Amino acid sequence: MRIHVVLDLYIFKVKTFFGALRASKASIALLLLYTLSFLLGLFSFSTPISDAIRKGVTDIDSYTELLSSVASLLMVFAVSLALRGYTVFEYEQNLIFTSPIKPREFLIADIFSNLTSLLIFANPIVIFYVMIVHSLKLSTLSALLMLSSSILFIFTLLLLKTSLSMIKSLYGGNQVNTLILAIIVILVLPAAGFIADLPLEYNSLPYPSTFLARILVKSVYSVDRLTLDFAGLSFYFLLSVLLFLSISTKNFFPTTTCIPFVSPFDTSMRMQTLQMERNIKMFSRIGMLPTLNLGSKSLLTFLMKKEVIRVIREGSLFTIIFFYLIASFIVVATSISSSQTTQSLPYTYLVTFFVGVYSLTIPLMLVSNWRFSDIGSLWIPLTSGMDLRIMVNALLYSFISISSVVPAAVISILSLIYSINPIIPLTLAVSTSMIGCPVNLYIMVGFLGMKSSGTPSILIGLASMLLSVLLLTPTYILIFLGLHLSFGDVTSWLLTVTILAYSTLIMKLFSREIKRSISRIEL
Amino acid sequence: MKAVEVVNLVKVYGGGIPAIDNLTFAVEPGEIYGLIGPNGAGKTTTLRIVATLIKPTSGSVRVLGFDVVDQAEYIRRMISYLPEEAGVYGNLTGYEYLRFIADIYAKSGDESESMIEEALEISGLGSRIKDRVKSYSRGMRRRLQVARTLMVKPKLAILDEPTSGLDVYHAHYIRRCIRRYVDEYGLTVLISSHNMLEIEYLCDRILLIHRGRSIDDGPPRILKEKYSSNNMEEVFLKAVGLT
């Protein structure tokens, strides 16, 4: 193995991955914003933990169980990626796979570049680690143990993911899928103990995640007897190294799957359009059912229908539905196992879910997908002389409808099942759509108009989410009041009207600004 | 020993439609061998199999005596591949890109420097080599790619539409470069192109492919005589029975 080749390849991959950061000041600023926003959250999270530890709250088993489940989820994520086989970028296939670089050299460079990307994206966690070590005044030995065991665990994950991906690429077939799925089930199974009263817990199982969790928790509490846990984790690491060594010499290059994205910072339209085309293929059978009626009397209705059809064909609608099915399942499963009444828990969970996840992600996904699929044909409305207000309204109304209809259906069904009043969750769902969609579209159009089209979507999305959160704050406050003060029907309706009026105001305001910005886009 | 030897090659993709259907041809060392055919004829698939990027469904492909499936590692030491849609990541400079390639192929620092110098000459990018590739025109990107393919002086250069996107002046210049490398360094070139003029100018022999099958092959002059045609475009149309 040639070390200088591995090093060259590693540097090349990292430069390629983070290239946009070097090129755009906006990207660097947004990455800093990302770190800061996470740090604020982690700081508020670390303070109570530190306080609890200082006050002598020593529920080591519970902490270990929780941490172990989180680490197991990370493992599940890594292992599930192997189901796609070994994925590479287009330039790697054409350039590196036809060069004298050996499979093992490529794999090692790949693992280290993945580690680098992981550390850069997970920088708030590294800072969080420093905060914990500093605030608890942990000994150097404990701090080193925490760090080294975490690194060992990450390497185990990367080696396992790499090896399983290669096995999947080289041998394919149902047997490999079954093996990967079996590993996932084994890793997830003890988590069932959280939602149902089952005699399953990570603490009693010799999982790598359990060993890591024990080391981290015991290090914080300065508990001895870490040798066995460290040996356990090292055993898994060695096992993954052996697996990697045994398979990394095989010529897996012709069996790899090409993925269109070079990095999350990649803004290549050709690559992103390729991904969109794949989705369209996947959903084409259902997506081809609705068709555009050219005889439509209203241009607004026609354009709205066009957007809805696009969203169905590109797969966004199915992602939203899938998202809600999972969420509903969690709500139902939680309510079944909970000791609380069945009436109050789903309600609270639903609201938390909407506020925490839905309100920020669905409009972002819809707007991002619009950018990738329609930017190439944006010249049509922009040069057609049509009233751009109609186009913007069509976009907004279709996005708001799509992001409201699915949760409204889910809320209605759950309300019937649990006999709860759906007014407040419905109001929240509609309000988040009415605010989230225009805000996301405004930021996206703004970036395109400012010739910052090189700014990665992931960072544009972050800016959109932060502004959405800011503008949704009055909604959140009113909903919180509505939930905790248990208003009567009349007051609840008044609250709903107030929230919707506020949301309409924001929507109108941003819609006007989008109309101004969209004409500034240079294609 | 043949530079490339393809025998009864078949490649069937997922949908069951054969992209290549029983293709046989051979390329002599030091020869420029052209594949011509319409879109979807199987040219790119053939080149990618020779470049060890995809495996054949059946048949045998040997490059300089080595099998593309079992001995891919040896083949990769001797080839250089230029795909039709060769992405160069936009945020690297042209120089960074060439430096990376040179470091992979070169056995010493001096050799690496010499490769980069040659690439600079071939690409004609001058001081723009220090700029990010994103700022290059399509033609500049293509010249950079051709330069990186030739600078390593492979035994076999596999070129898929090498002058795609280039203007007449630069296309002519690149063709001269390819010819010069073949004459001076004894390279073998396997090339595919839609440009019949290019094929006629460059290639010692040509293979006509249609729907994954070989229609005919031979030197351009002989083929023109055989089909009583003035140019390769007519040869192709007559060979596939379109006129």
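Let's begin where the two chains meet: about 2700 Å² of area is buried between chain A and chain B, and carbon and sulfur atoms give 58% of that area. Keep in mind as you look around that this is a predicted model. On the two sides of the interface, 33 residues of chain A are in contact with 29 residues of chain B.

What holds a charge across this boundary? The count between chain A and chain B is 1 salt bridge. You can find this salt bridge by looking for the side chains of A:Lys15 and B:Glu96, where N and O are 3.0 Å apart. Between chain A and chain B there are also 5 residue pairs in polar contact, with both residues at pLDDT 80 or more. On the side of chain A that touches chain B, the elements giving two or more residues are α1 (3-17), α2 (19-23) and α5 (90-96) of chain A. Sorted by class, that side of chain A has 14 nonpolar, 11 polar and 8 charged residues.

Now let's move into chain B and its sheets. One of them is an open sheet of 6 strands, and its order is β6-β7-β8-β3-β9-β10, with mixed pairing. At the edges stand β6 (79-82) and β10 (213-218) of chain B; each has a single partner strand, so one side of each is left without a neighbour in the sheet. On average, neighbouring strands of this sheet are turned by 15 degrees against each other, with direction ignored.

To see one pairing up close, follow β7 (residues 156-160) and β8 (residues 188-192) of chain B, which pair in the parallel sense over 5 bridges. Here B:Ile158 has B:Leu190 in β8(B) as its bridge partner. Helices pack on this sheet as well. Helix α5 (residues 138-151) of chain B touches β6 and β7 of chain B, and its direction makes about 170 degrees with that of β6(B). Helix α9 (residues 232-239) of chain B also packs on the sheet, where it touches β3 (32-36), β9 (205-210) and β10 of chain B; the direction of α9 makes about 40 degrees with that of β9(B).

Next comes an open sheet of 4 strands in chain B, with the order β2-β1-β4-β5 and antiparallel pairing. Its edge strands are β2 and β5 (66-67) of chain B, each of which pairs on one side only. In general, strands of a sheet pair through backbone hydrogen bonds, either parallel or antiparallel. In this sheet, β1 (residues 4-12) and β2 (residues 18-27) of chain B pair in the antiparallel sense over 7 bridges. Two places help you trace that pairing: B:Val12 has B:Pro18 in β2(B) as its bridge partner, and B:Val4 stands opposite B:Val27 in β2(B).

Strand β1(B) is also joined by 5 bridges to β4 (residues 58-63) of chain B, and these two run antiparallel. There B:Val4 stands opposite B:Val63 in β4(B). Lying across β1, β2 and β4 of chain B is helix α1 (residues 43-50) of chain B, which runs at about 60 degrees to β2(B).

Finally, how many salt bridges are there over all chains? The count comes to 27. One of the salt bridges to look for joins B:Arg180 and B:Glu121, whose closest N and O atoms are 3.8 Å apart. This pair links distant parts of the chain: B:Arg180 sits in helix α6 (residues 168-185) and B:Glu121 in helix α4 (residues 109-123) of chain B, 59 residues apart.

How values were computed:
Residues numbered from 1 in each chain as written. Chains lettered and ligands numbered in written order. Predicted model: local features only at pLDDT ≥ 70, side-chain atom pairs only at ≥ 80, totals over all residues. Heavy atoms only, no water. Contact = heavy atoms within 4.5 Å. Buried area = accessible area lost by both parts, 1.4 Å probe. Salt bridge = Lys/Arg side-chain N within 4 Å of Asp/Glu carboxyl O. Polar contact = N/O pair within 3.5 Å; in protein donor to acceptor, adjacent residues only side chain to side chain. Nonpolar A, V, L, I, M, F, W, Y, C, P; charged D, E, K, R; others polar. Pairing = 2+ DSSP bridges. Axes fitted to C-alpha atoms, helices over the stretch in contact; angles between N-to-C directions.
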